[in-house]
Amino acid sequence: MKRQGKLKDEWIVGGHRFSSRLLMGTGKFQDAETMVEAVLASGTQIVTVALRRVGRIPQEDDMLGPLRRLEGITLMPNTSGARNASEAIRAARLGRELSGSPFVKVEIHPNPHHLMPDPIETFEAARILAAEGFVVMPYMPADPVLAKRLEDVGCASLMPLGSAIGSGRGLATTEMLRLILRDARIPVIVDAGLRSPSEAAAALEMGCAAVLVNSAVAASGDPIAMAAAFAQAVEAGRNANLAGLMPRGGGTALATSPLTAFLSVEGQ
């Protein structure tokens, strides 16, 4: 059977087209050189950078300078460190001025002990920034009610957590993610908590448009190799989603070939 050529598998967020479904963060890397090599190995097209690491004057941990020299990379400043909507909005406006990018990852976590996103402040910041023309991508709890509210005020994507930031506990919110995916009309991107490439593949198999990883790569034994492994996993998960997984069984084993009947005949 002759197979059709593979179509370009793109996704759209805020009117911008991307082919890579792996987004990368830039924190925790031992140095800028390793970060850049990991970004290249991942094949990502969207990189988020904390505004506190972006400056007009070059500094030791400045990440914007090296990233700007890479081709095909869309910068997404984030508001990490903001404790409320006012701080996040101010950070987003400054980030757009410094980076020239309309993208912003709204990230508000007032409690440093658990770093859970504040749903009320996140909604307020997203509402105002979307009205100002930002491509708003909010980091949020895996809450399907909040997801619809954020979609309704003009967010370009939803970024529910898989588990707590930096925890490496994977897709602990799977059932809530399924509810968000069922009703979402904009891309859903799992952000935070992933530890292994297999978890990224599972998110894509589930129907997520993409995943964002940072600690899983930066804190691994070999960040560059791990970035490449995540890229392969994301592609595999997406291909599995497109192919369609087999239905789950009802707890009873089902033979994949008529072996039992064959043996029965032979034994007569």
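These questions and answers walk through a predicted model.

Visitor: Is strand β4 enclosed or open to the outside, and how many of its residues are buried?
Guide: Both faces of β4 are covered. I46, T48 and A50 are buried on one side, V47 and V49 on the other. The strand is therefore largely enclosed by the rest of the structure, and its buried residues number five of the five.

Visitor: Which residue of β5 stands opposite A50?
Guide: β4 covers residues 46–50. β4 pairs with β5, residues 74–78, in the parallel sense over five bridges. Opposite A50 stands N78.

Visitor: What is the handedness of the unit made by β3, α1 and β4?
Guide: β3, residues 22–25, pairs with β4 in the parallel sense over three bridges. Within this pair, L23 stands opposite I46. Helix α1, residues 32–42, joins the two strands in a β-α-β unit that is right-handed.

Visitor: How many of the 10 residues of helix α7 are buried?
Guide: The buried set is P197, E199, A200, A201, A203, L204 and M206. The helix is largely enclosed by the rest of the structure, because the buried residues number seven of the 10.

Visitor: Against which elements do the buried residues of α7 pack?
Guide: α7 spans residues 197–206. G207 follows, with a positive phi near 120°. The packing partners of the buried residues are α6, β9 (189–191), β10 (210–213) and α9 (223–243).

Visitor: Which element gives the largest share of the lining of the largest cavity?
Guide: The whole structure holds one cavity of 30 Å³ or more. Its volume is about 30 Å³. Two elements, α5 (144–152) and α6, each give two or more residues to the lining. The largest share, four residues, comes from α5.

Visitor: How many charged residues are in the lining of the largest cavity?
Guide: The lining consists of P144, A147, K148, E151, L158, L179, I180, D183 and A184. Six of these are nonpolar and none is polar. The charged residues number three.

Visitor: Is R169 buried or exposed?
Guide: R169 sits in the loop between β8 (159–160) and α6 (174–183). Its relative accessibility is 68%. The cut-off for exposure is over 50%. R169 therefore counts as exposed.

Visitor: What distance separates the C-alpha atoms of R169 and R195?
Guide: Leaving out residues up to four places away in sequence, R169 touches S163 and G193. R195 lies 26 residues from R169 along the chain. Their C-alpha atoms are separated by 6.7 Å.

Conventions
Residues are numbered from 1 along each chain as its sequence is written. This is a predicted model: local features need pLDDT of at least 70, side-chain atom pairs count only at pLDDT 80 or more; totals for chains, interfaces and linings use all residues. Side-chain values use heavy atoms; hydrogens and water are left out. Buried means under 20% relative accessible area, exposed over 50%, partly exposed in between (1.4 Å probe, protein chains only). Contact means heavy atoms within 4.5 Å. On a 1 Å grid over the protein atoms alone, a cavity is a set of points where a 1.4 Å probe fits but cannot get out, and a pocket is an open set with protein on both sides within 12 Å along at least five of seven lines; lining residues have an atom within 4 Å of a point. Grid points are joined across faces, edges and corners, and a volume is the space filled by probe spheres set on the points. Ala, Val, Leu, Ile, Met, Phe, Trp, Tyr, Cys and Pro count as nonpolar, Asp, Glu, Lys and Arg as charged, and the others, Gly among them, as polar. Two strands pair if DSSP finds at least two bridges between them. A crossover is right-handed if, with the strands pointing away from the viewer, the path from the first strand over the helix to the second runs clockwise.
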